[in-house]
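Colleague: I'd like a close look at one part of this model. Could you start at one small spot and work outwards from there?

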Amino acid sequence: MAAVAAPSPIEASCRSRSAFGLNHVLLYDLADIALTAARQSGASYADLRIGETRREYALAKDGRLENFDERESQGFGVRVLLDGCWGFYGARRLDPQSLRDGVERALENARAVKPIQFQPIELERLPVHEAEWIMPMGVDPFEAQASEKADLLLSIIASARDHGADFCSASISAACEERFFANSLGSRIHQTRTRVAPSFQATAIDRASGRFATRDCLTPARGAGWDYVVGAGLIEEAARAGEEARAKLDAKPVAPGDYDVVIDPTNLWLTIHETVGHSTELDRVLGWEANFAGTSFVKPSMLDELRFGSELMTIVADRAQPGALATIGYDDDGAPAEAAEFAIVEKGVFKNFQMALGQAHLIGLSHSNGCAYADSPTTFPIQRMPNISLMPNPQKCSFDDLVSDVENGIYVVGAGSWSIDQQRDNFQFGGQLFYEIKNGKLGDLLRDGAYQGRTTQFWNSLAGLGDASAYHLDGTFTCGKAEPMQVAPVSHGSPPALFRNVRVLNTSDDA
Amino acid sequence: MFLSSDDAKAIADKVLAYSKADACTVQIEGGLDQSLRFARGGATTNLASAEASLRVSSHIGRRIGSCSISHFDDEALAAAVARSEEIARMLPVDPDYVAPLGPQNYGFSNRYDEATANLHLDALADAAARVIKEGARIGVDTFGCATTARRFEAFATSASLFAYERRSEIDLSATARNRADAWSGWAGAHQFSADRLDAEQIARVACFKGAHDATPVDLEPGAYTVILEPDATTELAFWLMRTMEARAADEGRSSFARPGGGALIGEKLFDEKLTIRVDPADPLAPEAAVGFEGLPHRARAFVENGVLTTLYRSRAWAQKTGSEPIPFARNFVMSGGDASIDDMVRSVRRGVLVTRFWYTNIVERKNLLLTGLTRDGNFLIENGRIVAPMRNMRFNQRLGDLFSNIKALGPTRRTWRAAGDGGGAPAAPAMLVEGFNFSSKSSGI
């Protein structure tokens with residue numbers, strides 16, 4: 001997101017402590033051991049990730065704290081390029097012998113795939129970096145007391161139930177990743193980032209009819225500390241959620257049809273993620289995900305040619321936006337965050353793919369753009385999204401301005417059920433709240449809605465866009481991709497936006 | 001890191017000895033996962049990863065705190081125990097507290113083969129090579145993944161329970177796309193023993209399905225007769241199974257809730273041909289012997305001849321309602337019939353043969369409305385014959401209606417799931433159903 005300042009690569013004022021049980025000297029020693037062994041065995045390139053991940057998950061349902069779990073894992077992963085073949089090995093033990101054994105196993109794996117490596121892996125020349133980066137953060141979520149978290153969850157639940165919900169579940173997830181990256185070219189990069197995700201779901205039931213309705217938390221996951229959770233107004237939001245879940249039971253059903261739709265950023269982030277984020281991943285375009293996550297309707301020949309959306313549509317990638325979940329100083333190939341600042345779509349025209357190491361030359365480009373991530377030190381880094389966001393309208397445009405431009409429409413809030421085809425074209429997304437728009441005014445709450453579309457048709461129907469005052473950053477901890485499945489955190493920001501003639505379904509009557 | 005039963009027990013005993021809590025449970029799991037991916041006929045990424053984790057849960061004054069670690073030296077074990085106790089002391093009392101289980105009587109689930117457990121990446125490369133070779137032979141591009149895993153899980157409690165299970169896994173899945181990138185086919189299989197995995201067969205089926213050059217037919221949205229191959233049936237049955245939770249039904253927030261209160265157990269909700277069982281001793285799809293919370297998995301039907309017979313129930317909810325706890329299962333067996341897919345095709349005047357589904361998701365929990373798309377091998381059937389490849393479609397389909405409208409079932413077959421993803425795969429038959437609701441066209445290939 002270019003509209004905000006990037007964090008400093010080294011942020012010494014962070015209150016987070018280093019969780020590594022290993023000191024810098026030992027990390028460098030382990031790196032030297034592994035990378036020297038790889039080089040001496042003939043590897044033309046090798047890299048190493050040593051990391052520790054701390055996670056915390058607390059879950060409460062109604063009046064009961066059902067689970068409170070802290071997790072801490074350490075490990076390493078070594079990747080070697082031998083005779084044009086990748087080999088990778090990861091393990092949990094961090095000692096010199098385990099690193100040496102790991103290199104041997106990685107080399108064995110590279111030799112094992114040689115018979116089916118018909119096209120050697122080629123890498124671009126990587127710049128060398130020696131750096132430390134720590135995400136700026138307020139209060140470390142791992143320093144907050146378990147009792148405080150339990151109290152907050154139970155208060156959220158009580159608030160929802162006091163305001164119309166029959167049931168409520170609430171959870172808090174937190175993660176802190178510390179990674180040390182080293183490669184055979186000489187890079188040595190030590191980074192720490194933290195993220196939190198509050199969540200709840202309020203359920204209201206009409207026992208006589210057997211109907212029930214839910215309203216999920218709209219407070220997004222963020223790259224932030226415990227102070228973000230405390231300050232997010234979750235108890236107040238739970239009260240609204242209780243009322244809204246109850247109100248949904250008696251709401252008017254959505255009449256299926258084509259509508260002008262104003263989409264709130266709490267919903268639009270997921271549409272951006274699925275339709276733009278995934279469709280412009282070069283590994284998918286190359287077919288590397290064809291067996292599982294899928295390919296893409298976007299092709300290399302479409303660079304600078306494809307009319308992805310209307311002129312209002314500018315979508316940027318970045319790894320520097322404060323508070324965003326994919327923000328970091330360097331990606332898991334060691335590429336700096338600056339490489340990941342680029343337009344994917346500019347004024348409606350497709351401009352750039354997301355790339356990881358070894359992909360750029362396949363479409364005639366000289367270098368990748370900082371889009372690698374491994375969800376654990378023990379997993380192979382693959383191309384993953386940086387933060388990808390829809391830029392606000394440079395012209396002044398409020399939410400009310402968007403609504404006033406709609407004669408017969410629907411306003412969609414919050415992410416619901418979602419699904420998109422494997423080439424990222426045909427999609428169907430639900431929501432948490434649907435409101436009627438009539439003659440430029442927001443009207444009644446509706447129930448049982450979802451919208452369906454085709455990616456470029458949908459984005460070309462973008463007819464109105466809020467300005468920066470309505471910009472909102474949302475995201476997820478768990479974007480899944482690859483085999484074996486890896487999950488990645490990522491944020492997507494946007495203002496509210498108006499789309500014309502979008503097909504809306506009724507999920508109870510118009511299946 | 002793979003541990004034997006004795007080694008896992010020695011670590012669990014250490015943890016229990018460190019515990020100063022009222023009660024304590026220990027879960028240890030780990031092993032070696034190896035995988036290899038290929039695309040356009042050549043290797044892309046690979047991985048071997050030795051994983052290990054230990055979770056200790058301390059029970060103090062009806063409060064439970066948990067802590068997990070990935071390394072098992074004495075200092076780390078003692079610190080994890082102390083931290084879990086520290087967490088427990090900070091938490092509120094659990095009104096539905098249940099104490100750890102004592103010794104249980106587990107069945108035996110045959111899910112381990114030593115030769116499979118000792119495979120290396122070269123075996124996976126060999127499996128991939130068979131797919132690549134077949135693709136080259138018939139002129140399609142091939143993509144896929146081969147995985148093997150050697151895993152163990154141990155569970156111990158301060159009430160003298162110790163349970164240990166191990167499993168070996170191998171899977172291969174392959175996608176074939178025609179050279180115009182305009183059509184695709186898929187096949188896959190998962191087994192606990194490598195000698196049951198037929199890589200040649202997977203290669204043949206995926207490439208045969210992908211080798212169509214004719215322009216796919218576009219079908220208008222609407223209700224159609226469909227033949228779902230076993231992997232497609234499994235995807236839908238899995239969603240049905242994962243919604244079968246007793247508490248949600250008892251509390252009125254499930255499709256299995258009775259209006260006015262209570263669950264619909266004992267009601268005939270589906271076609272009488274629908275029977276879904278879970279059984280650790282099943283030869284095709286054995287569930288683990290040890291379930292969630294250390295509960296034993298027993299042979300039981302969840303749906304029998306269309307009647308809802310069982311719902312999952314946690315120990316806490318079972319205690320509160322005076323009912324039997326029933327662990328969630330990932331391996332199930334949907335009973336089949338004797339109709340072959342060819343038989344089914346011959347019986348269809350106009351319909352669609354579906355290989356598998358993609359991105360399925362519940363849209364509406366009350367009516368179990370599921371959405372998703374067909375993928376990698378749709379074929380139009382007319383007058384009892386497959387006449388053309390057919391473009392993919394989105395569906396919006398109520399599962400209750402689907403499983404109430406079964407016209408024929410094929411033999412039950414073990415289906416695909418990625419090795420390591422829950423430790424197994426369900427078994428299901430091909431299924432002929434009427435009135436399947438395709439809601440929109442997809443250009444996705």
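**A helix end and what surrounds it**

Modeller: Gly139(B) comes just after helix α4 of chain B and takes a positive phi of about 85°. Keep in mind that this is a predicted model.

Step back into the helix itself. α4(B) covers residues 121-138, which makes 18 residues. From its first C-alpha to its last, the helix reaches 26 Å. That is close to the 26 Å expected at 1.5 Å a residue.

Which residues of α4(B) are buried? Leu121(B), Ala123(B), Leu124(B) and Ala125(B) are among them. Further along come Ala127(B), Ala128(B), Arg130(B), Val131(B) and Ile132(B). Glu134(B) and Gly135(B) complete the list. So note that Arg130(B) and Glu134(B), which count as charged, are buried too.

What covers these buried residues? The cover includes β1, β2, β4, β5 and α5 (199-210) of chain B. It also includes a piece of the other chain, α2 (96-113) of chain A.

Take β1(B) from that list. This strand spans residues 23-39, and 14 of its 17 residues are buried. β1(B) pairs with strands of its own chain. To β2(B), residues 42-59, it is joined by 16 bridges, and the two run antiparallel. Ala23(B), for example, stands opposite His59(B) in β2(B). The two strands form a hairpin with two residues between them. In that turn, Arg40(B) has a positive phi of about 45°. You have now met a positive phi at Gly139(B) and another at Arg40(B).

Another partner of β1(B) is β4(B), residues 140-157. Here 14 bridges make the link, again antiparallel. Val26(B) has Ala156(B) as its bridge partner in β4(B).

Now zoom out to the domains of chain B. The chain is divided into domain 1 (5-210) and domain 2 (216-445). Their C-alpha centres lie 24 Å apart. Where they touch, domain 1 gives 37 residues and domain 2 gives 28. On the domain 1 side, β4, β5 (162-178) and β6 (184-191) of chain B are the elements that give two or more residues. The largest share, eight residues, comes from β5(B). By class, this side of domain 1 has 13 nonpolar, 14 polar and ten charged residues. Two familiar names turn up here: β4(B) and β5(B) also help to cover the buried residues of α4(B).

Since α2(A) is part of the cover of α4(B), look across to chain A as well. How many residues does each chain bring to the contact between A and B? Chain A brings 72 and chain B brings 84. On the chain A side, strand β2(A), residues 64-82, gives the largest share, ten residues. That side divides into 30 nonpolar, 28 polar and 14 charged residues. Strands pair across the chains too. Three bridges join β2(A) to β3(B), residues 64-69, and the two run parallel. One position to find is Asp69(A), which stands opposite Ser66(B) in β3(B).

Finally, a word on confidence. Chain A averages a pLDDT of 94, and 95% of its residues score at least 70. Its start is another matter: over residues 1-19 of chain A, pLDDT stays under 50. The model has 42 contacts beyond four places in sequence for that stretch. Where pLDDT is low, the predicted coordinates should not be read in detail.

Methods
Residues numbered from 1 in each chain as written. Chains lettered and ligands numbered in written order. Predicted model: local features only at pLDDT ≥ 70, side-chain atom pairs only at ≥ 80, totals over all residues. Contact = placed C-beta atoms within 7 Å. Helix = DSSP H or I, 4+ residues; strand = E, 2+ residues; numbered from the N terminus. Pairing = 2+ DSSP bridges. Buried ≥ 20, exposed ≤ 12 C-beta atoms within 10 Å, placed from the backbone. Domains from an automatic or database assignment. Expected span 1.5 Å × (residues − 1). pLDDT = per-residue confidence, 0-100.
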